[in-house]
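Student: I am new to this protein and would like to go through it slowly, one question at a time. Please show me the sequence and the structure before we begin.

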Amino acid sequence: MDLSTVIGFVLTWGIIIFSMHHASHGALGAYIKPTEMLLVFGGSLGAALLSMPLHNITGFVGNLKKWIFNKDAHVEHTIKEMVNFAEVARRDGVLALETVARENPDPFLRRGLQLTIDGTDPEMIERIMRIEIEAMQERHKHGKHLFHTLAKFGPGFGLMATLIAQVAMFKSLGGDASVIGNALAIALTGTLYGCMLQNLIAGPIAEKLALRSQEETFAKEIVLQGVLSIQAGNNPRVVEMQLLSFLSSKQQAAMPKAA
């Protein structure tokens, strides 16, 4: 599980619930209005469905899992792996990579090594792998678009819930003050739910999915450059120096050097 997601979730919701408890003197039920929840959350989802194709919605659960469970990409491990492959190719020839190409868990890396083993032109290898990277970026863009859309429509539906409740409140003007007060509280919870949807739920998910996509693209670019370097028959040390240029000086210093 992504530790920063857990910490961020506990921190933000903990602060919000503490503030509600403090402001209402423990009467947290004042903030729970099912009708306004339905209007803001259901209405935002409905507007999202109106604004995008259905296949963008079907990946909702998968994207949510990626937000919660995705682990950091360890590019140092990827570089070390590519240098090991370069050493094997240098020592025993690229055909010796066939076994590792078949057993490696990363399908992108497997495909790149297999193309190298098959003697494919480097231009064609790069073209095929770049198409895969671009297709992945496009899929990721569709995945995060749903959450961007929910974050965009959330405050608007919050305002709508407020206005609907205010109309009812104005109808009660001149009547019981407690009825008016209750209607005003309901009106404001609509705005609160819209802010929550944007700033505590959909907005952070969309931002993290975008960052994950960038990290995955970065890791695949390292694999691509490593495969092209191995295909060119470069010395493992040259492969290592080339791939280390993706890292910061501090990360480079922490990496063990190739023999």
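Student: Which residue caps the N-terminal end of α7?
Tutor: This is a predicted model, in which local features need pLDDT of at least 70 and side-chain atom pairs count only at pLDDT 80 or more, while totals for chains, interfaces and linings use all residues. Residues are numbered from 1 along each chain as its sequence is written, and side-chain values use heavy atoms, with hydrogens and water left out. Helices here are DSSP runs of H or I with at least four residues (strands are runs of E with at least two), numbered from the N terminus. The backbone nitrogen of Phe-108 lies 3.0 Å from a side-chain oxygen, and the residue that supplies this oxygen as the cap of α7 is Asp-106.

Student: Which elements do the buried residues of α7 pack against?
Tutor: Buried means under 20% relative accessible area, exposed means over 50%, and partly exposed lies in between (1.4 Å probe, protein chains only). In helix α7 (residues 107-117), the buried residues include Phe-108, Leu-109, Gly-112 and Leu-113. Taking contact as heavy atoms within 4.5 Å, the buried residues of this helix pack against α5 (75-92), α6 (98-103), α8 and α9.

Student: What does the side chain of Thr-120 reach at 3.0 Å?
Tutor: Thr-120 lies in the loop between α7 and α8, where it is buried, with a relative accessible area of 17%. A polar contact is a pair of N or O atoms within 3.5 Å; within protein, one must be able to donate a hydrogen and the other to accept it, and residues adjacent in sequence count only if both atoms are side-chain atoms. Thr-120 touches Leu-115, Ile-125 and Gln-231, not counting residues up to four places away in sequence. At 3.0 Å, its side chain reaches the backbone oxygen of Leu-115.

Student: How many salt bridges does a search of the whole structure find?
Tutor: Side chains of opposite charge can pair when their charged atoms come close. The criterion used here is a side-chain nitrogen of Lys or Arg within 4 Å of a carboxyl oxygen of Asp or Glu. One such pair is Asp-92 with Arg-91, whose closest N and O atoms are 3.5 Å apart. The search of the whole structure gives a total of six.

Student: How many residues apart in sequence are the parts that Arg-130 and Glu-221 tie together?
Tutor: These two residues form a salt bridge in which the closest N and O atoms are 2.9 Å apart. Because Arg-130 lies in helix α8 (residues 122-171) and Glu-221 in helix α9 (residues 177-231), the parts joined by the pair are separated in sequence by 91 residues.

Student: Which residues are joined into one network by salt bridges that share partners?
Tutor: It helps to begin with another pair, Glu-138 and Lys-141, which meet in a salt bridge of 3.4 Å, N to O. Being three residues apart in helix α8, Glu-138 and Lys-141 are separated by about one helical turn. Salt bridges with shared partners, by contrast, give one network of Glu-126, Arg-130 and Glu-221.

Student: What distance separates the C-alpha atoms of Ile-230 and Ala-89?
Tutor: Ile-230 is found in helix α9, and at 4% relative accessibility it counts as buried. Leaving out residues up to four places away in sequence, the residues that Ile-230 touches include Met-82, Phe-85, Ala-86 and Ala-89. Although Ile-230 and Ala-89 are 141 residues apart along the chain, their C-alpha atoms are separated by 7.3 Å.

Student: Is His-25 buried or exposed?
Tutor: His-25 is found in the loop between α1 and α2, and its phi is near 55°, a positive value in a residue other than glycine. With a relative accessibility of 75%, His-25 counts as exposed.

Student: Which residues does the UniProt annotation "transmembrane region" cover?
Tutor: UniProt positions follow the numbering used here, feature names are shortened, and annotations may be inferred rather than shown by experiment. In the model, residues 39-61 are 87% helix and 0% strand, with end C-alpha atoms 22 Å apart, while residues 146-168 are 100% helix and 0% strand, with end C-alpha atoms 32 Å apart. According to the unreviewed entry, the annotation covers residues 39-61, 146-168 and 180-202.
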